[in-house]
Amino acid sequence: MRGLLKNPAAMALPAGILALMLLMIVPVPALVLDIAFVLNIALSVAILMAAMNAAKPLDFSSFPSVLLFATLLRLALNVASTRVVLVNGHEGGEAAGKVIEAFGAFLIGGNFAVGIFVFLILVIINMVVVTKGAGRVSEVSARFTLDALPGKQMAIDADLAAGILSADEARTRRAEVATEADFYGSMDGASKFVKGDAVAALLILGVNVIAGFCLGMISHGLSASEAGATYVQLAIGDALVAQVPSLL
């Protein structure tokens, strides 16, 4: 405990996980959700820029952990926004927040069918092209890196025995090889986690639409057209807000 207090950076990850758990459990006002959605999109853009500017994988060795945290953040925001949409959706689009309302109105354009089809196309692109391709690349990279690990270690030992490398240089090279193997192994697992996030987004959309129709007509006395006009727009806006950072 004293070690954690002396090193505040070690508390960052546990504190972040605790904050995500609270976000999924505790009701969140619409204004806080708007701020969280904007920060989530900004975080995704920052991760994209950092990954593109990295000269080699080890320059951004924390990428798998950051990717997992960003995915957990999207899932937590999905749960929180689903609660807001189902509880306050009957009050109008603004009740779920400006961001969800804006994304829903922009994508639907006054036609629910068009909005659903466009979102499904985005999900297909994410699952079939982006996520599946990235997962395959991560899997192959991890396999070849792990297969080449013994050869790299033997090459370092040979250079050390021949006097080409000093003991400190050999130790540094071994650490780099081990870090590279850990990185590709973590990326293989993170890619599968992100694929599950894309599936969850599709399921959450279905839950929001079906539950919104039922709650709107049974609990709040809305007609089928009114429930559709309100909850379908909010559900698609909620799904799109989560899907855009996932594509990034």
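**Helix α4 and its surroundings**

Setting aside residues up to four places away in sequence, Asn78 touches Ile204, Asp238 and Ala242. This is a predicted model, and Asn78 is a handy place to start reading it. The residue sits in helix α4 and, with a relative accessibility of just 2%, counts as buried, since the cut-off for that label is under 20%. Another residue of helix α4, Arg74, is also buried, at a relative accessible area of 4%. Its contacts, again leaving out residues up to four places away in sequence, are Asn40, Asp197, Ala242, Pro245 and Ser246. Ala242 thus turns up in the contact list of Asn78 and in that of Arg74.

Now for the helices that pack against α4. Helix α3 (residues 30–53) meets α4 (residues 63–88) at an angle of about 155°, and the two axes are 11 Å apart. Angles over 145 degrees count as roughly antiparallel, so α3 and α4 fall into that class. Their crossing is left-handed. On the α3 side the contact is made by Leu33, Ala36, Phe37, Asn40, Leu43 and Ile47, while α4 brings Phe63, Val66, Ala70, Leu73, Arg74, Leu77, Ala80, Ser81 and Val84. Sorted by type, the residues of this contact come out as 12 nonpolar, 2 polar and 1 charged. Arg74 and Asn40, both on that contact list, also touch each other.

With helix α7 (residues 167–219) the picture is another one: the axes of α4 and α7 come within 9 Å and cross at roughly 5°. That angle makes α4 roughly parallel to α7. The residues of the contact between α4 and α7 split into 16 nonpolar, 6 polar and 2 charged.

What about the nonpolar cores? In soluble globular proteins, nonpolar side chains tend to be buried together. Here, the largest nonpolar core has 20 residues, and those touching the most other members are Leu23, Leu33, Phe37, Leu77, Val85, Ala96 and Ile100. Helices α2, α3, α4, α5 (98–108) and α8 (224–247) each put in at least two residues, with α4 giving the most, namely 6. Ala96 touches Ala30, Val84, Val85 and Leu234, not counting residues up to four places away in sequence. A second core of 11 residues is separate from this one, and includes Phe60, Leu67, Ala142 and Met187.

Phe60 lies in the loop between α3 and α4. The residue is buried, with a relative accessible area of 16%. Leaving aside neighbours within four places in sequence, Phe60 is in contact with Ile47, Ala50, Ala51, Ala54 and Phe183. Ile47 is also one of the α3 residues in the contact with α4. For a sense of distance, the C-alpha atoms of Phe60 and Met154 are 26 Å apart in space, with their positions 94 residues apart in sequence.

Pro27 is a loop residue too, placed between α2 (12–25) and α3. Its relative accessible area is 60%, and the threshold for exposed is over 50%, so Pro27 counts as exposed. The C-alpha atoms of Pro27 and Val84 are separated by 7.8 Å, although the two residues are 57 apart along the chain. Val84, for its part, belongs to the contact of α4 with α3 and is touched by Ala96.

Note on methods:
Residues are numbered from 1 along each chain as its sequence is written. This is a predicted model: local features need pLDDT of at least 70, side-chain atom pairs count only at pLDDT 80 or more; totals for chains, interfaces and linings use all residues. Side-chain values use heavy atoms; hydrogens and water are left out. Axes are lines fitted to C-alpha atoms, for helices over the stretch in contact, and angles run from 0 to 180 degrees between N-to-C directions. Helices (H or I, at least four residues) and strands (E, at least two) are DSSP runs, numbered from the N terminus. Angles under 35 degrees count as roughly parallel, over 145 as roughly antiparallel, 65 to 115 as roughly perpendicular and the rest as oblique. A crossing is left-handed if the near helix is turned anticlockwise from the far one by less than a right angle, and right-handed if clockwise. Contact means heavy atoms within 4.5 Å. Ala, Val, Leu, Ile, Met, Phe, Trp, Tyr, Cys and Pro count as nonpolar, Asp, Glu, Lys and Arg as charged, and the others, Gly among them, as polar. Buried means under 20% relative accessible area, exposed over 50%, partly exposed in between (1.4 Å probe, protein chains only). A nonpolar core is a set of buried Ala, Val, Leu, Ile, Met, Phe, Trp, Tyr and Cys residues joined through side-chain atoms within 4.5 Å.
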